[in-house]
Amino acid sequence: MKGKRKTLNASDVLSAMEEMEFQRFVTPLKEALEAYRREQKGKKEASEQKKKDKDKKTDSEEQDKSREEDDEDEERLDEEEQNEEEEVDN
């Protein structure tokens with residue numbers, strides 16, 4: 001209420017525990033909170049890395065597809081040129 005907020009955060013809970021004379025629980029709770037935050041950070045980083053890898057794979061596949069399309073276009077042009085030459089010969 002003092003902070004005029006509706007949401008509690010970890011520091012609010014820790015402060016309240018100290019005020020209520022539960023100091024013996026504060027240190028283990030802080031350690032558990034830090035471990036939880038490290039774990040969440042690790043998960044987030046792993047998720048971001050996975051997304052980057054997926055994006056790289058998608059980009060690579062798009063480049064491969066583009067190359068294939070270019071190769072197909074070249075083959076079509078070559079075939080058209082051959083057909084035109086054959087028509088001229090006839």
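At 49% relative accessibility, Lys-43 counts as partly exposed, a label for residues between buried (under 20% relative accessible area) and exposed (over 50%), worked out with a 1.4 Å probe and protein chains only. The model is a predicted one, so local features are reported only at pLDDT of at least 70 and side-chain atom pairs only at pLDDT 80 or more, while totals for chains, interfaces and linings use all residues. Residues are numbered from 1 along each chain as its sequence is written, and side-chain values rest on heavy atoms, with hydrogens and water left out.

Lys-43 has a partner. Its side chain meets that of Glu-39 in a salt bridge, at 3.4 Å from N to O; the term stands for a side-chain nitrogen of Lys or Arg within 4 Å of a carboxyl oxygen of Asp or Glu. Glu-39 is partly exposed, at 44% relative accessibility. Because Glu-39 and Lys-43 are 4 residues apart in helix H2, about one helical turn separates them. Helices here are DSSP runs of H or I with at least four residues, strands are runs of E with at least two, and both are numbered from the N terminus. Side chains of opposite charge can pair in this way when their charged atoms come close.

The count comes to 2 salt bridges. Besides the Glu-39 and Lys-43 pair, Arg-5 and Asp-12 form a salt bridge, with their closest N and O atoms 3.0 Å apart. Arg-5 is partly exposed, with a relative accessible area of 45%, and Asp-12 is partly exposed too, with a value of 21%.

Next comes the loop between H1 and H2, where Glu-21 has its place. Glu-21 is not a glycine, yet its phi is positive, at about 65 degrees. For background, most residues other than glycine have a negative phi. Glu-21 also counts as exposed, at 66% relative accessibility.

Phe-22 is found in the loop between H1 and H2 as well. A search of the whole structure turns up 1 aromatic pair. The ring centres of Phe-22 and Phe-25 lie 5.9 Å apart and their planes stand at 50 degrees, so the pair is tilted. The rule pairs rings of Phe, Tyr and Trp (its six-membered ring) with centres within 6.5 Å, calling planes under 30 degrees apart stacked, over 60 edge-to-face and the rest tilted. Both rings belong to partly exposed residues: Phe-22 has a relative accessible area of 34%, and Phe-25 has 37%.

On the surface, Leu-8, Val-13 and Leu-29 make a nonpolar patch of about 270 Å². Patches take in residues with over 30% relative accessible area and no salt bridge, joining like charges within 9 Å and nonpolar side chains (Val, Leu, Ile, Met, Phe, Trp, Tyr) within 5 Å. The areas come from the Shrake-Rupley method with a 1.4 Å probe, and for residues only the protein chains shown count as cover. Val-13 sits in helix H1, which covers residues 10-19, and is partly exposed at 37% relative accessibility.

There is also a negative surface patch, whose members include Glu-68, Asp-70, Asp-78, Glu-81 and Glu-84. In the charge count, Lys and Arg are positive and Asp and Glu negative, with His and the chain ends not counted; each charge is placed at NZ of Lys, CZ of Arg, CG of Asp or CD of Glu. Glu-81 lies in helix H2, residues 23-89, and is partly exposed, with a relative accessible area of 47%.

A few C-alpha distances help with finding one's way around. Arg-37, in helix H2, is exposed with a relative accessible area of 51%. The C-alpha atoms of Arg-37 and Asn-83 are 68 Å apart, with their positions 46 residues apart along the chain. Glu-45 also lies in helix H2 and is partly exposed, at 45% relative accessible area. From C-alpha to C-alpha, Glu-45 and Asn-9 are 23 Å apart in space and 36 residues apart in sequence. For Phe-22 and Lys-41, the C-alpha distance is 28 Å, at 19 residues apart in sequence.
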